[in-house]
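I opened my notebook on this one with two topics in mind: enclosed space and salt bridges. Here is what I looked up, entry by entry.

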Amino acid sequence: MAPAEIALHVRRAAGYKSEALVWRLARPGWRRAWEPTLERIVSRQATPGSSLLLGASRVNAVREALVDAEETIVMEAERRLEGQVTVLGHPELRLGRERVFDCDPLSGIPWPDRHGRLIDYRLASPGDPKLVWELERCQELPLLALAALLTDDPRFADAAASRLHAWLAGHPPGRGIAWANAFEPAIRAVSLAVAFDALRGHSLMTGEAERGVVRGLWQHGRSIVRDLSRHSSANNHLVGELVGLLAVAVLVPELRDSSRWRDQAIEELSREAQLQVLHDGFPAEQSFAYGLFTTDLLLTCASLLETAGVVCPEPIVAALTRAADAVVLLVDVGEPEPAFGDADGGRVLTLDGARDRTARGVAASLAAFLGHSGAQRLAGSIDATAALLFGREGLVRFATATPTMAPGDGLFPDGGLVVLRREGTRALFDVGPLGYLSIAAHGHADALQVVVSHGGDELVSDPGTGSYLGDARLRRRLRGTAVHATVCVDGTDQSQQGGPFLWTRHAQARLLTYDLGAGVAAGKHDGYQALPDPVTHQRVVVMLDGGAIVVVDRLVGAGRHTYVQTWPLHPALEPRAPDGAEGVVVASSPDGPRLMLAFASPLPAKIVIRDDGRWSRRLEQSEAAWVVSQRVIASGPVELGALLVPLAADAPVPTAALELLREGDSCLARARIGDDVEELCLGFADGVLTAQRKS
């Protein structure tokens, strides 16, 4: 941590302790700072009923164009009205109509009533703070307000207004777990501001009640702006904080600080958009899910500015265009979403009634804002969120986008990912950095990982995230190298974990060579140079014309090491070793065989099939999965090869084999699938791996 960052933490910590002392010993002084008269913070009178983001035009667009969406929204609003909510990977929670705030819903134990920034939520806590944070984001409030506008049912509006008042009344600014950082108040501020904007003029949102909400949103803005994430923490949190600040500034324009907050948010978001969406559109955090989340935050920014009549800055438009290009290259219609890096299922706004915000949904909003043809193709149809964010103009932009072709192969030179596609097979080859900034909070130690899907199904999978703070052992395990589709050396991680959101040593990966037309790519990383006897790992990936994949790893170390080439499978697959087929494993789903793996090495190798893997696509939820690996103990250079043959569920299983023949400073990889033979020449001269397919 740099001296400037240390100094900032020290100053802020001192301020939090001072504020806690004032709360305890000089409450009037605290109230003067945090509960000023409205005359001090408001400069003009707002116009009741002049809703912006959930205005009549946008709500009518949903009502007229998306009948099924209206039904989904109202059904989810009914659930929320009764206090039913599904959060993270937990079973449905029944909180009741009048739930207890700041109480862990699983243990029933309340979080401490103290300054939020002084709560030790990682070590001494009544439960997982992520669970209560999700609930305290108040994302049901805009949904209830929207349901009221769609149905004219007063129950929804009454509940939204009363719950908004109750939350603010029960949460003095800065006090309790809901104020433990700047990010949670910011995401909550978006929901509170949108709901308030939609409810202006309601019988429960007039007079002193309205004044209380205006003050509460000012408190959120003040809390955000003084504690913005800086230095190594300036990842998607900073983008979220700035969007929360912008939401308060745009939707509560009568605040004296709104103009200043809006200008600051626009300026910093313009800068962060360039930093966090790389030049090739890849997410700087090396996380597909957080890339979607950051894109969604920038889309919310664009929507807020559009409703306020402000032109969206070019750097933000350019970043969204890059992000759209990237997402439609990463995932095509019918393909599973990539799962590299962390994912927590977080949303900016819940307006469509759906549990998850998917790549397809984000693509719909990208197409509605940009008229992006690839995003339109991926989305297929516009959804309620896109219609509400960008109104009738967005519907037109979506509908008139020019049709585009399906994506093929591609390279993200800045993000460090190679995409290969043939005959319904997609392979993603990771040759990128660990993560973003010095802590790389949401990256995983998965350098040179290869994940494979076919026909819309995951075959070789990234194991996912599993947990943040709920299960420390699972968190450490699923971030580590041994569970990813790469090679683990001596049971150690490529990069060194320093905490649940901290890496203290980063493996550096890079692309060595590629020929997308030939389906060839090669990379290396230096993660195992930190071992007492350093090891270099290089990998070649070749996608054959029929969609099969050849992977050859070369590992070079002077001493004796244990090398494990790992292939984690999707939970739907169960592997077995067929009789009489040495070095071959077939993985089947209930519908039939889906993947054949054939292994090879010039040295004696052991093929291991284990059922102790874990697979997670929702935070705080995981399930068992099979893992197939090839294990070699060797001194000096060694090669490990694998031939992966995706299979259609109703297709016959061919014979398959892979040979690795070392010849001096080169190696010949010969892949046989039925009667077809493919050969790959690998060169090792001067320690640099080269690869060339033989005709």
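**Entry 1: a yardstick for accessibility.** Before looking at any side chain, I noted the cut-offs: a residue is buried under 20% relative accessible area, exposed over 50%, and partly exposed in between. E92, at 35% relative accessibility, therefore counts as partly exposed. I also reminded myself that this is a predicted model.

**Entry 2: E92 and its partner.** I then asked which residue forms a salt bridge with E92. The partner is R79, and the closest N and O atoms of the two are 2.6 Å apart. E92 sits in the loop between strand 1 (84-85) and strand 2 (93-94), while R79 belongs to helix 5 (residues 67-81), so the pair ties together parts that are 13 residues apart in sequence. R79 has a relative accessible area of 22%, so I put it down as partly exposed.

**Entry 3: R230 and E268.** Next I looked up the salt bridge between R230 and E268, where the closest N and O atoms are 2.8 Å apart. R230 lies in the loop between helix 10 (207-226) and helix 11 (236-251), and E268 lies in helix 12 (residues 258-276), so this pair ties together parts that are 38 residues apart in sequence. Is E268 buried or exposed? With a relative accessibility of 6%, E268 is buried. R230 is partly exposed at 28%.

**Entry 4: R594 and D457.** My third pair was R594 with D457, a salt bridge whose closest N and O atoms are 3.0 Å apart. This one links distant parts of the chain: R594 is in strand 18 (residues 592-600) and D457 in strand 7, 137 residues apart. R594 is buried, at a relative accessible area of 6%. D457 is partly exposed, at 37%.

**Entry 5: salt bridges overall.** I wanted the total too, and the structure holds 46 salt bridges. I also found a network of them that links R12, E19, R117, R226 and D227.

**Entry 6: the largest cavity.** On to enclosed space. How many cavities of 30 Å³ or more does a search of the whole structure find? I wrote down nine. The largest cavity holds about 170 Å³ of space. Its lining is made of 18 residues, and nearest the centre are P338, A339, L428, V451 and D462. I checked which strands take part: strand 5 (425-430), strand 6 (450-454) and strand 7 (457-460) each supply at least two residues of this lining. Strand 7 was already in my notes as the home of D457. By class, the lining of the largest cavity has nine nonpolar, three polar and six charged residues.

**Entry 7: the second largest cavity.** This cavity has a volume of about 130 Å³. I listed 14 lining residues, with G281, P283, G291, L292 and T295 nearest its centre. Helix 13 (288-307) and helix 14 (314-330) each supply at least two residues of the lining. Which helix gives the most to it? Helix 13 does, with five residues. I then sorted this lining by class and got nine nonpolar, five polar and no charged residues. I set that beside the six charged residues in the lining of the largest cavity, and closed the notebook there.

Conventions: Residues are numbered from 1 along each chain as its sequence is written. This is a predicted model: local features need pLDDT of at least 70, side-chain atom pairs count only at pLDDT 80 or more; totals for chains, interfaces and linings use all residues. Side-chain values use heavy atoms; hydrogens and water are left out. On a 1 Å grid over the protein atoms alone, a cavity is a set of points where a 1.4 Å probe fits but cannot get out, and a pocket is an open set with protein on both sides within 12 Å along at least five of seven lines; lining residues have an atom within 4 Å of a point. Grid points are joined across faces, edges and corners, and a volume is the space filled by probe spheres set on the points. Helices (H or I, at least four residues) and strands (E, at least two) are DSSP runs, numbered from the N terminus. Ala, Val, Leu, Ile, Met, Phe, Trp, Tyr, Cys and Pro count as nonpolar, Asp, Glu, Lys and Arg as charged, and the others, Gly among them, as polar. A salt bridge is a side-chain nitrogen of Lys or Arg within 4 Å of a carboxyl oxygen of Asp or Glu. Buried means under 20% relative accessible area, exposed over 50%, partly exposed in between (1.4 Å probe, protein chains only).
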